[in-house]
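Me: I'd like a close look at one helix and how it sits in the rest of the chain. Pick one with plenty around it, and tell me how far to trust what I see.

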Amino acid sequence: MTTITRPSVLPKSNDACWCGSGRKFKRCHKASANAMVVTEPTVLPGTVSPRRPVPDTIAAPDYVANGGRPRKTNVSLVKDADTIARMRLAGRAVAEVLSELGPRVEVGMTTDAIDAIAHELYIAKGGYPSCVGYGSPAYIKSLCTSVNEVICHGIPDDRPLRDGDIVNIDATIFLNGVHGDSSIMVGVGNVDEASQQLMRVTRECMELGIDAVKPGRAINVIGQAIEGHANRYGYGVVRAFVGHGIGEVFHMAPNVPHYFDRNARMIMQPGMTFTIEPMINVGKAAIKQLGDGWTVVTKDHSLSAQYEHTILVTDSGFEVLTVSDGCPPPSPL
């Protein structure tokens with residue numbers, strides 16, 4: 001049986017089908033387009049270097065000494081003024097790390113080299129890399145670097161980045177007792193139009209989700225806005241991972257689905273802080289976790305992208321906390 005390879009970007013309904021039949025897409029492969037797959041992965045795991053040390057003078061989250069499990073979990077969803085002030089500082093710090101990392105990514109650079117730079121930037125700011133020592137098995141790197149079909153939690157290693165790759169850099173810093181969490185996409189070298197479109201649309205999805213934040217609304221309006229935009233391009237919205245509450249605890253309530261979930265009815269209140277971090281696939285939303293216990297890839301090997309900001313619900317709307325001079329807040333769409 002012949003395997004048909006699904007294109008990275010689907011034609012519009014009345015355009016010629018990509019298969020070469022000469023028929024309109026809507027009368028040819030549109031109904032079965034989501035079944036088309038990319039047959040080979042582009043990213044294979046490399047060698048992971050040892051865990052980098054953090055000076056004892058820098059305060060670590062409680063889970064580092066507790067087998068990757070946080071001790072402090074019973075905290076308020078609504079943050080007080082002191083916590084919010086500290087979160088602004090942590091958010092700015094992680095945004096500054098990302099704004100410095102992005103321009104330094106180039107063809108031939110390893111993701112481990114990116115991680116090494118980030119590690120030193122965290123320490124220079126007096127912060128702890130939140131990822132180090134988190135979870136089970138304990139994560140040992142300071143970033144997650146997810147390349148091409150890797151959706152999230154890619155472990156930095158010795159694989160050189162190739163011309164045309166796209167990479168998500170997910171950074172989190174623990175500073176003054178709170179976490180700041182954000183991620184960006186970076187195109188490596190000459191990136192094709194399909195990959196550029198995926199990154200652009202994914203950023204727009206995040207921005208539309210942020211624009212939906214308002215006190216008194218159910219939290220599922222965020223996912224409704226994201227999913228509607230992704231669907232216009234035939235993209236899959238990953239459901240296995242969601243945004244999350246954040247503050248003194250790395251991951252906490254509320255969960256923030258990036259798709260419309262009628263059961264996600266928690267009402268947003270001023271003082272809530274959470275991430276919005278849609279993971280958007282060119283192909284299906286189905287995922288596969290690799291044997292390292294962390295790396296998650298698209299099941300059909302299609303490209304995936306993600307952007308992330310940490311958000312504060314205010315009395316009238318929202319404030320983006322993960323901003324800096326080099327990483328400004330998104331513009332309203």
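Reply: Helices (H or I, at least four residues) and strands (E, at least two) are DSSP runs here, numbered from the N terminus. By that count, the chain has four helices and 15 strands. What you're looking at is a predicted model, so local features need pLDDT of at least 70 and side-chain atom pairs count only at pLDDT 80 or more, while totals for chains, interfaces and linings use all residues. Residues are numbered from 1 along each chain as its sequence is written, and side-chain values use heavy atoms, with hydrogens and water left out.

On trust: pLDDT is the predictor's confidence in each residue, on a scale from 0 to 100. Its mean over the chain is 91, and 89% of the residues reach 70 or more. Residues 1-5 are a weak spot, with pLDDT under 50 throughout and nine contacts beyond four places in sequence; a contact means heavy atoms within 4.5 Å. Residues 32-37 are also below 50, and that stretch has 16 contacts in the model beyond near neighbours in sequence.

Now to helix 2, my pick. It runs over residues 111-124, which is 14 residues. From first C-alpha to last it reaches 20 Å, close to the 20 Å expected at 1.5 Å a residue, where the expected span is 1.5 Å times one less than the number of residues. Right after the helix comes G126, whose phi is positive, near 80°.

How much of helix 2 is buried? Ten of its 14 residues are, so the helix is largely enclosed by the rest of the structure. Buried means under 20% relative accessible area, exposed means over 50%, and partly exposed is in between (1.4 Å probe, protein chains only). The buried set is T111, D112, I114, D115, I117, A118, H119, L121, Y122 and I123. What covers these residues includes helix 1 (81-101), strand 1 (128-129), strand 2 (143-147) and strand 4 (166-175).

Two of those buried residues, D112 and D115, also take part in charge pairing. A salt bridge is a side-chain nitrogen of Lys or Arg within 4 Å of a carboxyl oxygen of Asp or Glu, and the structure holds 15 of them.

Helix 1, part of the cover over helix 2, has a salt bridge of its own. R86 pairs with E248, with the closest N and O atoms 3.1 Å apart. R86 lies in helix 1 and E248 in the loop between strand 7 and strand 8, so this pair ties together parts that are 162 residues apart in sequence. R86 is buried at 17% relative accessible area, whereas E248, at 28%, counts as partly exposed.

E248 has another partner, K72, and there the closest N and O atoms are 2.6 Å apart. This pair also links distant parts of the chain: K72 is in the segment before helix 1, 176 residues from E248. K72 is partly exposed, at 41% relative accessibility.

Elsewhere, R239 bridges to E227 at 3.2 Å between the closest N and O atoms. R239 sits in the loop between strand 6 (236-237) and strand 7, and E227 in helix 4 (residues 220-231), so the pair ties together parts twelve residues apart in sequence. E227 counts as buried at 17%, while R239 is partly exposed at 48%. Back at helix 2, salt bridges that share partners join D112 and D115 with R52 and K141 into one network.

Strand 4, another piece of the helix 2 cover, leads to S183 in strand 5 (residues 178-187). The side chain of S183 makes a polar contact with that of N168 at 3.1 Å; a polar contact is a pair of N or O atoms within 3.5 Å, and within protein one must be able to donate a hydrogen and the other to accept it, with residues adjacent in sequence counting only if both atoms are side-chain atoms. S183 is buried, at 2% relative accessible area. Its contacts, leaving aside neighbours within four places in sequence, include L98, I169 and Y307.

Stepping back to the chain, buried residues make up 54% of its 333 residues. Of its contacts with a separation of 6 or more, 71% are between residues 24 or more positions apart.
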